[in-house]
Amino acid sequence: MKKVLGALLLGATIVSAFIAYSMYTNHSAKQTAAIEQKQAAKQAEKKTEKKKKPVLKVEDLTYQLKDSRTGQVMKEFKPVHYKDKDVYDQEIKQLASELAKGIDTPMQNIKMDANGSLTGGSKQIILKEAELVKNLQNLNTKQLDVKVPIYETAPNVTAASAQGIADVSLASYSTRFRPSDTSRNRNVQLSAEAINNVVLGPGDSFSYNQTVGERTAERGYQPAPEIINKQLVMGIGGGICQTSSTLFNAIDGAGLQVTARSHHSKHVGYVPAGRDATVSWGGPDFKFTNNKDYPVIIKAYANVNTGVLTVDVRTSQHAI
């Protein structure tokens, strides 16, 4: 009897354990299934959110154009026509040109005073338009700052490098004018004084219009004949082209690099055909660069008594 009861008790224990195990297994399976369902729901939710999230486009963003020198914001720019290449290229070229007008400043050359000391001079400031256009053509959605490339170049002359700069003539050129033409001669004289004693270091550029300045009655310039559209007309400052043409022949003889020169619309008598350099405020300019590895000085003198204008390009003996 005891054996039977023991067997029954053992069997009951086994059944109870089996039932408990089955219940545990089912509960764990349900928990696992629930966890898997939650994870699947989260993944589905993320995929849905990803699908709903808008894709950033360059044309929808606003970019800050910053000065490369200071990092300051110069302008905010929204490239709404970014996808239309022709329209966009025209737009950013115009933008670069407008910004450059407010930035570009020609170099003001250093001069030498009567005591041999260097005076004046200011740096050239240039916004590289082509470089800015390239930056605007390569926008992306991650970088909203756009560099506006602005470069500064100071005159490349020191007191030490200018020692003895007037000792040796590299080239000289003279032209003649009528001493009796007092108004025109005054213009020649004033423009000669403006370019006299200008010092150019290696790589320095020269602009005739910038150096001479605007020709106005307030600055002493007189009405005199000048060539416009093949006609001789009266204008304030007539005659200053003789100074620019004489300067051209002198610097050309010295081997300096001419970077801008225009001819008159008709022949002038003070230089051979094709050897002139016409200038006009707000119009044609005469420009050159000192391509030597040493500084030079421009000497200019108009003798109103003899009617001779001379421009001499000089440097120091030890430089050549």
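This is a short guided tour of the structure above, stop by stop.

**Before you start.** The model is predicted, so local features need pLDDT of at least 70, side-chain atom pairs count only at pLDDT 80 or more, and totals for chains, interfaces and linings use all residues. Residues are numbered from 1 along each chain as its sequence is written, and side-chain values use heavy atoms, with hydrogens and water left out.

**Stop 1: the whole chain.** Show the protein chain as a cartoon. There are 6 helices and 16 strands in it; these are DSSP runs (helices are H or I with at least four residues, strands are E with at least two), numbered from the N terminus. Of the 320 residues, 35% count as buried. Buried means under 20% relative accessible area, exposed means over 50%, and partly exposed lies in between, using a 1.4 Å probe and protein chains only.

**Stop 2: helix 6.** Select residues 240–254. This helix has 15 residues and reaches 21 Å from its first C-alpha to its last, close to the 21 Å expected at 1.5 Å a residue. The expected span is 1.5 Å times one less than the number of residues. Is helix 6 largely enclosed, or largely open? Because 13 of its 15 residues are buried, helix 6 is largely enclosed by the rest of the structure. Just after helix 6, click on Gly255, which takes a positive phi of about 85°.

**Stop 3: Thr246.** Stay in helix 6 and pick Thr246. Thr246 is buried, with a relative accessible area of 0%. Which residues does Thr246 touch, not counting those up to four places away in sequence? They are Tyr173, Ser174, Thr175, Leu309 and Val311, where contact means heavy atoms within 4.5 Å. Now add Ser172: its C-alpha atom is 9.1 Å from that of Thr246, although the two are 74 residues apart along the chain.

**Stop 4: helix 4 against helix 6.** Add residues 182–195, which form helix 4; the axes of helix 4 and helix 6 come within 7 Å and cross at roughly 40°. That makes helix 4 oblique to helix 6. Axes are lines fitted to C-alpha atoms, for helices over the stretch in contact, and angles run from 0 to 180 degrees between N-to-C directions. Angles under 35 degrees count as roughly parallel, over 145 as roughly antiparallel, 65 to 115 as roughly perpendicular, and the rest as oblique.

Show the side chains where the two helices meet: Arg184, Asn187, Val188, Ser191, Ala192 and Ile195 in helix 4, with Ile240, Gln242, Thr243 and Leu247 in helix 6. The buried residues of helix 4 include Asn185, Leu190 and Ala194. Just after helix 4, look for Asn197, which takes a positive phi of about 70°.

**Stop 5: helices 2 and 3.** Select residues 85–101 (helix 2) and 129–137 (helix 3), which pack at an angle of about 140° with their axes 9 Å apart. Helix 2 and helix 3 are therefore oblique to each other. Among the residues making this contact are Tyr88, Ile92 and Leu99 of helix 2, and Leu132, Val133 and Leu136 of helix 3.

**Stop 6: a loop.** Finish at Gly116, in the loop between strand 3 (110–112) and strand 4 (118–119). Gly116 counts as partly exposed, at 41% relative accessibility. Add Gln163 too: Gly116 and Gln163 are 47 residues apart in sequence and 8.6 Å apart in space, C-alpha to C-alpha.
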